[in-house]
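Before planning work at the bench, it helps to have a plain account of how a chain is built and where it leaves empty space. The report below is meant to be read beside the sequence and the coordinates.

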Amino acid sequence: NHESKEQAMKLGFICPDLPGHLNPMSALARQLRARNHKVVFLYSSGAPAGLPFVPAPEQDHINENRPEVSKMEGQDALQFSVRNVLAQTETILKSLPGIVEANGIDALIIDTVQFYAELGALRLDMPYVHVANALHLDYSGYTPLCAYGWPHETTPAALARNREGVAQWANVLASASGGLKAHAESIGLRIDWQDLSSTVSPWASITQVPRA
């Protein structure tokens, strides 16, 4: 059912400025625009298919460090990448209130890989939804985290391995999230940092790019 004009919202999209995230997010944005919603990509150098965008006012930590991370592998590459994503989130949170106000954003649609960008929505007390443009991060341990190349198995040993992977991932996030924790505290947000899903939208979903 198409939304009426009275129900239409202006939706701000936040995702890494990388083709593998922008392309599926753009497919979703086009579908929502067809339902009479207004869409705009925030912190993007330019969304595909000519969709509206607001460029990032700060440096792009993810793209600026891509040459360096391309020379790494394994745990070193993972830790370096997570640090850059969280650094990018810190820059987003500083300017998000002003960008939301200036552009009349009603709700945010956030890529799950832009870790903790939802803190901005929580600060503004505005609706937000997460979208998994990559493989879902399963913190239950039932399936392997997408950061690891393990096959999906249900043996006790495999499930124990998966849970250990979640613990390792939690340590990676914890080691790089000091700035975010300080920011959350400074604006009065109380976050359960031990629960990796504590700030994930209950309406998180997985997108599929429509076939041509």
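The text that follows goes through the overall fold, two strand pairings with their crossovers, the cysteines, and the empty spaces.

## Overall build

The structure is a predicted model. The protein chain has seven helices and six strands, and along the sequence these elements come in the pattern β-α-β-β-α-α-α-β-α-β-α-α-β. The chain is made up of 212 residues, of which 44% count as buried.

## Strands and crossovers

Strand β1, residues 10-14, is paired with β2 in the parallel sense over five bridges, and within this pairing G12 stands opposite V40 of β2. Between the two strands the chain passes through helix α1, residues 19-34, in a β-α-β crossover that is right-handed. Strand β2 itself, residues 38-42, is mostly covered, with four of its five residues buried. Strand β2 also runs parallel to strand β3, residues 53-54, to which two bridges join it; here F41 has F53 of β3 as its bridge partner.

Further along the sequence, strand β4, residues 107-111, runs parallel to β5 and is joined to it by four bridges, with I110 standing opposite H130 in β5. The path from β4 to β5 leads through helix α5, residues 118-124, and this β-α-β crossover is likewise right-handed. Strand β5, residues 128-132, is mostly covered, since four of its five residues are buried.

The parallel pairings described above are set out below.

| Strand pair | Bridges |
|---|---|
| β1 (residues 10-14) and β2 | five bridges |
| β2 and β3 (residues 53-54) | two bridges |
| β4 (residues 107-111) and β5 | four bridges |

## Cysteines

How many disulfides does a search of the whole structure find? The search finds zero. A disulfide is a covalent bond between the sulfur atoms of two cysteines. As for the surroundings of individual cysteines, C15 has a relative accessibility of 5% and therefore counts as buried, because the cut-off for that class is under 20% relative accessible area. C146, by contrast, has a relative accessible area of 34% and is therefore partly exposed.

## Cavity and pocket

Rolling a probe the size of a water molecule over the atoms shows where empty space is left. A search of the whole structure finds one cavity of 30 Å³ or more, and the volume of the largest cavity is about 50 Å³. The buried C15 belongs to the lining of this cavity, as do, among others, I14, P16, D17, L42 and Y43. Further lining residues include D60, I62, Q88, I92 and Q114. By class, the lining of the largest cavity divides into seven nonpolar, two polar and two charged residues.

The largest pocket holds about 440 Å³ of space. It is lined by 24 residues, and those closest to its centre are L78, S81, V85, V113 and F115. Helices α3 (66-69) and α4 (74-103) each supply at least two residues of the pocket lining, and the largest share, eight residues, comes from α4. Which classes of residue make up the lining of the largest pocket? The lining has 17 nonpolar, six polar and one charged residues.

Technical notes
Residues are numbered from 1 along each chain as its sequence is written. This is a predicted model: local features need pLDDT of at least 70, side-chain atom pairs count only at pLDDT 80 or more; totals for chains, interfaces and linings use all residues. Side-chain values use heavy atoms; hydrogens and water are left out. A disulfide is a pair of cysteine sulfur atoms within 2.5 Å. Buried means under 20% relative accessible area, exposed over 50%, partly exposed in between (1.4 Å probe, protein chains only). On a 1 Å grid over the protein atoms alone, a cavity is a set of points where a 1.4 Å probe fits but cannot get out, and a pocket is an open set with protein on both sides within 12 Å along at least five of seven lines; lining residues have an atom within 4 Å of a point. Grid points are joined across faces, edges and corners, and a volume is the space filled by probe spheres set on the points. Ala, Val, Leu, Ile, Met, Phe, Trp, Tyr, Cys and Pro count as nonpolar, Asp, Glu, Lys and Arg as charged, and the others, Gly among them, as polar. Two strands pair if DSSP finds at least two bridges between them. A crossover is right-handed if, with the strands pointing away from the viewer, the path from the first strand over the helix to the second runs clockwise.
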